[in-house]
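Got your viewer open? Load the model below and keep the selection tool handy.

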Amino acid sequence: MILTETCMHAAKCEKAKELVTGGIAPIDLVSEVNSYGLASIVLAKCLGCNQAFKFDTSPRLKSGNFDVNIRAVWGTLVTGNGLSHLNELLDVLDSPGLSRRSFLDIKLKINDWWNKYLQADLDRAIG
Ligand SMILES: [Zn+2]
């Protein structure tokens, strides 16, 4: 995990240790490299030796989508809403929204998961 890696670096890096001794936090969040809906890729840097650490703010699942985005679409669908409602809510929260393409991609995957689950459940009930 990148947080562990970053912490371990700060504990071992001699230049980072010098900064800590002087009361300066050795790791700084430098920038957001990219954002994908509610997930971001963030760059942190050791202020001692300039080593960079890039990490995702949400786990990326086997489907290729970020967990937080799937949860957002899932929650939107089960409450009977759609992309406009989700993005309006996220806008009020001052958060980036999902593109129509991402929302539909995730919606199709969720539909597929539900279909597979229901089919397996039906197969068990019949068999
Ligand atoms: Zn360092």
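We'll visit the domains, then the metal site, then a pocket.

Before clicking, note that this model is predicted: local features need pLDDT of at least 70, side-chain atom pairs count only at pLDDT 80 or more, and totals for chains, interfaces and linings use all residues. Residues are numbered from 1 along each chain as its sequence is written, and side-chain values use heavy atoms, with hydrogens and water left out.

**Stop 1: the domains.** Color 1–57 as domain 1 and 60–127 as domain 2; these bounds come from an automatic or database domain assignment. Their C-alpha centres sit 32 Å apart. Across the divide, 6 residues of domain 1 are in contact with 10 residues of domain 2 (contact means heavy atoms within 4.5 Å).

**Stop 2: the zinc ion.** Select His9, Cys13, Cys46 and Cys49: their NE2 (His9) and SG (the cysteines) atoms are the protein donors, 2.1 to 2.4 Å from the zinc ion. Donors here are N, O and S atoms within 2.8 Å of the metal (3.2 Å for Na, K and Ca). Along the sequence, the donor residues follow the spacing H-x3-C-x32-C-x2-C. The site is tetrahedral, with angles of 100 to 115° among its 4 donor atoms; four donors earn that label if all angles lie between 85 and 135 degrees.

Are His9 and Cys13 buried or exposed? His9 is buried, at 14% relative accessible area, and Cys13 is buried too, at 10%. Buried means under 20%, exposed over 50%, and partly exposed in between (1.4 Å probe, protein chains only).

Definitions and conventions. Tetrahedral: all angles 85-135°; square planar, octahedral: opposite > 155°, others 65-115°.
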